[in-house]
Amino acid sequence: MIVVTDQDTALDQALKALIAVFGRTEVSSNMPFKVTYLAERPTAEERVWRIEGTPACPDKKTQHCRLRRYGAEVDRWSGDVVRVFSAD
């Protein structure tokens, strides 16, 4: 049985983990979040919901974002957060 059937549920699970790791203020700076189901992955274990932040990038000239981007991956079958990450 699939536990995480939609984007809203995946986002809810991911936000709980992201806030616990990085804090509410940091995570809020990444709103809104983009939610994608990775259906093209080769095995069922790798087919997860990927949640990625979209931080506002104030430097329009260089297109370089000085804020960190936070994200997580949520297992569709168990609802477990299997990966939490941050990137520049």
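## Overall layout

In what order do the elements of the chain run from the N terminus on? The answer is α-α-β-β-β-β, which comes to two helices and four strands. Please keep in mind that this is a predicted model.

The chain has 88 residues, and 31% of them count as buried. Among contacts with a separation of 6 or more, 44% are between residues 24 or more positions apart. About 5,600 Å² of the chain is exposed, with carbon and sulfur atoms supplying 52% of that area.

## Helix α1 and its cover

Let us begin with helix α1. Its 16 residues reach 21 Å from the first C-alpha to the last, close to the 22 Å expected at 1.5 Å a residue. At the start of α1, Asp 6 offers a side-chain oxygen that comes to within 3.2 Å of the backbone nitrogen of Asp 8. Just after α1, Gly 23 has a positive phi of about 95°. For comparison, most residues other than glycine have a negative phi.

Which residues of α1 are buried? They are Ala 10, Ala 14, Leu 15, Ala 17 and Leu 18. Their cover includes helix α2 (24-28) together with β1, β2, β3 and β4 (81-87).

## Two aromatic pairs

How many aromatic pairs are there? The count is two. Phe 22 and Tyr 70 form a tilted pair, with 4.3 Å centre to centre and 35° between the planes. Phe 22 belongs to helix α1 (residues 7-22) and Tyr 70 to strand β3 (residues 69-75), so this pair ties together parts that are 48 residues apart in sequence. The two partners can also be described by their accessibility: Phe 22 is partly exposed at a relative accessible area of 25%, while Tyr 70 is buried at 5%.

Tyr 37 and Trp 49 make up a tilted pair as well, at 5.2 Å centre to centre and with 55° between the planes. This pair links distant parts of the chain, with Tyr 37 in strand β1 (residues 33-37) and Trp 49 in strand β2 (residues 48-53), 12 residues apart. Tyr 37 is partly exposed, with a relative accessible area of 22%, whereas Trp 49 counts as buried at 8%.

## The surroundings of Trp 49

Trp 49, in strand β2, is worth a further look. Leaving out residues up to four places away in sequence, Trp 49 touches Val 4, Thr 5, Asp 6, Gln 7, Ala 10, Val 35, Thr 36, Tyr 37, Ala 72, Glu 73, Val 74 and Arg 76. One of these, Val 4, has its backbone oxygen 3.2 Å from a polar atom of the Trp 49 side chain. Another, Val 74, is 25 residues away along the chain, yet the C-alpha atoms of Trp 49 and Val 74 are separated by 5.0 Å.

Where does the charged end of Arg 76 sit? It sits over the ring of Tyr 37, 4.7 Å from the ring centre. The charged end of Arg 76 also sits over the ring of Trp 77, at 5.7 Å from the centre of that ring.

## The loop between α2 and β1

Is Asn 30 buried or exposed? Asn 30 is buried, with a relative accessible area of 0%, and its place is in the loop between α2 and β1. Beyond its neighbours within four places in sequence, Asn 30 is in contact with Gly 53, Thr 54, Pro 55, Arg 68, Arg 69 and Tyr 70.

Pro 32 lies in that loop between α2 and β1 too. The peptide bond from Met 31 to Pro 32 is cis, with omega near -5°. As background, most peptide bonds are trans.

## Ser 86 in strand β4

Finally, Ser 86 has its place in strand β4 and counts as partly exposed at 29% relative accessibility. Setting aside neighbours within four places in sequence, Ser 86 is in contact with Phe 22, Arg 68, Arg 69 and Tyr 70. Among these partners, Arg 68 has a side chain joined to that of Ser 86 by a polar contact of 3.0 Å. From Ser 86 to Ala 72 the C-alpha distance is 8.7 Å, with their places 14 residues apart in sequence counted as separation.

Terms used. Residues are numbered from 1 along each chain as its sequence is written. This is a predicted model: local features need pLDDT of at least 70, side-chain atom pairs count only at pLDDT 80 or more; totals for chains, interfaces and linings use all residues. Side-chain values use heavy atoms; hydrogens and water are left out. Rings of Phe, Tyr and Trp (its six-membered ring) pair if their centres lie within 6.5 Å; planes under 30 degrees apart count as stacked, over 60 as edge-to-face and the rest as tilted. Buried means under 20% relative accessible area, exposed over 50%, partly exposed in between (1.4 Å probe, protein chains only). A charge sits over a ring if NZ of Lys or CZ of Arg is within 6 Å of the ring centre and within 35 degrees of the ring normal. The expected span of a helix is 1.5 Å times one less than its number of residues. Contact means heavy atoms within 4.5 Å. A polar contact is a pair of N or O atoms within 3.5 Å; within protein, one must be able to donate a hydrogen and the other to accept it, and residues adjacent in sequence count only if both atoms are side-chain atoms. Accessible areas come from the Shrake-Rupley method with a 1.4 Å probe; for residues, only the protein chains shown count as cover.
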